[in-house]
Amino acid sequence: MNALDAAARLISSGDELPITHFERCLHQFSVEADCDACLQVCPTEAITKGDTLVFKRASCAQCLACVPACPTGVFTKKSQLAALLRCGAYSPTAKIELLCEFHPSPSGGQSGTPAVSVRGCLAGLGAGVYLCLLEAGLSQISLRCEQCSTCSLSALQTVIEKTVNNTLELLDVEDKTSIAIQRQQPESRQGELGPLWNADNPPISRRELFKLTTHSRTLLAIEAVGEQVEKSGKTVCENRLRFNAGLQRLYTAQRVRPDVALDIFGYATVALSDDCSACAACARICPTGALAFLERDDLFRLTFKPELCIACGLCSKVCFLNAIELESNFTAGQFAENPTAITLLEGQRRKCYRCGGWFNATGDAELCPVCTFRSKNPFSSKLPPGINLSPPGGEMQS
């Protein structure tokens, strides 16, 4: 990085920092939340946790690793996916090499393959970007990590490797080499080098614009899911939206192993027992809208969208009847073949005449399960067996 580059970076450094939305943080929904994804990836301890998360802007290295790491999108930055799709469409080799903006000696790719410099560290891309690029027609994505060991952010190498390995685990056998980490030094690179592009200023031409029409489907799918999430008032991170769109299309093209469990990407499904009282506490505390409680008059329906579930477990912690449980055996095939919301429970609710709380009206019961138990044990302070004595619902903040 020369003096002019350093000066330009210093002037624009305020624009390079991720935008923070701490109201989306799981710890704002419940004190029982145990998520520490951003703390785990931050290489400079710019993110700390006391009673709430604290972002030390002066300590931020602008690596952007926190952006795909946070499941609810607390940290956001303008997406580079559209620019990367454009670069991929313009690649004469149907391949692309990616390097971070901190690379000390950037150069074009091997054998005429374009190299693209992205904002921040490569750890800031996320698996969703890789799936969308592969779905758009790239045959190989190479990550230039030959200088990572000497970088001040070298701790992020493990994040990059984990993301790549998890993504490859998902792909079919023929795509197992579609993402690779390069560790060769520049002097050992052979063949004519390709162009070096910047993701913020990708190449553009009339021919390339026509080619981009084939990739617009992926972008439209991501935007459509994003609009649905925004209408619910809850959110997941952009990496999840990209992952959902890319996975669905790669599965349709039979390039994804249907039996791979998605728990490594933070997916889960839920199981509901007959003890559910339809109190809707799980839907209220769900931070992403994966659980939704729909009601009209005294009729109700509790639905679940697996693509929005981040396996935070708040729903099971808030359920005082212990009627909901997370399951981690959700597979890629189940995800792709069940694109609509799953109905977990539906029926009629009734208001308990003693406590005023709503409950699932089965038979002619007029009391909720707790009041029914207490009516049979009027001189006891005990609650029904299996009751969660300290659900964290009281800590949920609006």
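Helices α6 (residues 81-90) and α7 (residues 127-135) cross at roughly 35 degrees, and their axes come within 10 Å. This is a predicted model. The crossing of α6 and α7 is right-handed. Three leucines of α6 take part in the contact: Leu81, Leu84 and Leu85. Their counterparts in α7 are Val129, Cys132 and Leu133. By class, this contact of α6 with α7 has six nonpolar residues, no polar ones and no charged ones.

**A second partner for α7**

Helix α7 also packs against α11. Here the axes lie 7 Å apart, at an angle of about 35 degrees. What is the hand of the crossing where α7 passes α11? It is left-handed. On the α7 side, the residues in contact are Ala127, Gly128, Val129, Leu131, Cys132, Leu134 and Glu135. On the α11 side, they are Asn239, Arg242, Phe243, Gly246, Leu247, Arg249 and Leu250. The classes in the contact of α7 with α11 are eight nonpolar, three polar and three charged.

The table sets out the two helix pairs.

| Helix pair | Angle | Axes | Hand of crossing |
|---|---|---|---|
| α6 and α7 | roughly 35 degrees | within 10 Å | right-handed |
| α7 and α11 | about 35 degrees | 7 Å apart | left-handed |

**The parallel sheet**

Next come the strands. Five of them form an open sheet with parallel pairing, in the order β8-β7-β5-β6-β9. Which strands form the edges? They are β8 (179-182) and β9 (196-198), and each pairs on one side only. From one strand to the next, the twist averages 30 degrees.

Take one pair from this sheet. Strand β5 (residues 95-100) runs parallel to strand β6 (residues 115-118), and four bridges join them. In this pair, Cys100 stands opposite Val118 in β6. Helix α6 packs on the sheet and touches β5, β6 and β9. The direction of α6 makes about 140 degrees with that of β5. Helix α8 lies across β7 (140-144) and β8. It runs at about 155 degrees to β8.

**The antiparallel sheet**

Another open sheet has four strands, in the order β11-β12-β14-β15. Its pairing is antiparallel. The edge strands are β11 (291-296) and β15 (358-360), each pairing on one side only. The twist in this sheet averages 35 degrees from one strand to the next.

How many bridges link β12 and β14? Strand β12 (residues 299-304) and strand β14 (residues 342-351) pair over six bridges, in the antiparallel sense. One bridge partner can be named: Thr303 is matched with Thr343 in β14.

**The largest pocket**

Now turn from the chain to the space around it. Rolling a probe the size of a water molecule over the atoms shows where empty space is left. The largest pocket holds about 890 Å³ of space. It is lined by 31 residues, and the closest to its centre are Ala37, Pro68, Ala69, Ile264 and Phe265.

Which helices supply at least two residues each to this lining? They are α4 (37-41), α5 (66-69), α8 (157-170) and α11 (238-252). Helix α8 gives the most to the lining of the largest pocket, with five residues. This is the helix that lies across β7 and β8. By class, the lining of the largest pocket has 20 nonpolar residues, seven polar and four charged.

**The cavities**

The model also has closed spaces. The count comes to five cavities of 30 Å³ or more. The largest cavity has a volume of about 190 Å³. Its lining has 17 residues. Nearest its centre lie Lys78, Ser79, Gln80, Gly124 and Arg242. Arg242 is also one of the α11 residues that meet α7.

Helices α5, α6 and α11 each supply at least two residues of the lining of the largest cavity. Which of the helices gives the most? Helix α11 does, with three residues. The lining of the largest cavity divides into eight nonpolar, four polar and five charged residues.

**Pulling the threads together**

Several helices appear more than once in this account. Helix α6 meets α7, packs on the parallel sheet and helps to line the largest cavity. Helix α11 meets α7, and supplies residues to the lining of the largest pocket and to that of the largest cavity. Helix α8 lies across two strands and gives five residues to the lining of the largest pocket.

Notes:
Residues are numbered from 1 along each chain as its sequence is written. This is a predicted model: local features need pLDDT of at least 70, side-chain atom pairs count only at pLDDT 80 or more; totals for chains, interfaces and linings use all residues. Side-chain values use heavy atoms; hydrogens and water are left out. On a 1 Å grid over the protein atoms alone, a cavity is a set of points where a 1.4 Å probe fits but cannot get out, and a pocket is an open set with protein on both sides within 12 Å along at least five of seven lines; lining residues have an atom within 4 Å of a point. Grid points are joined across faces, edges and corners, and a volume is the space filled by probe spheres set on the points. Ala, Val, Leu, Ile, Met, Phe, Trp, Tyr, Cys and Pro count as nonpolar, Asp, Glu, Lys and Arg as charged, and the others, Gly among them, as polar. Axes are lines fitted to C-alpha atoms, for helices over the stretch in contact, and angles run from 0 to 180 degrees between N-to-C directions. A crossing is left-handed if the near helix is turned anticlockwise from the far one by less than a right angle, and right-handed if clockwise. Contact means heavy atoms within 4.5 Å. Two strands pair if DSSP finds at least two bridges between them.
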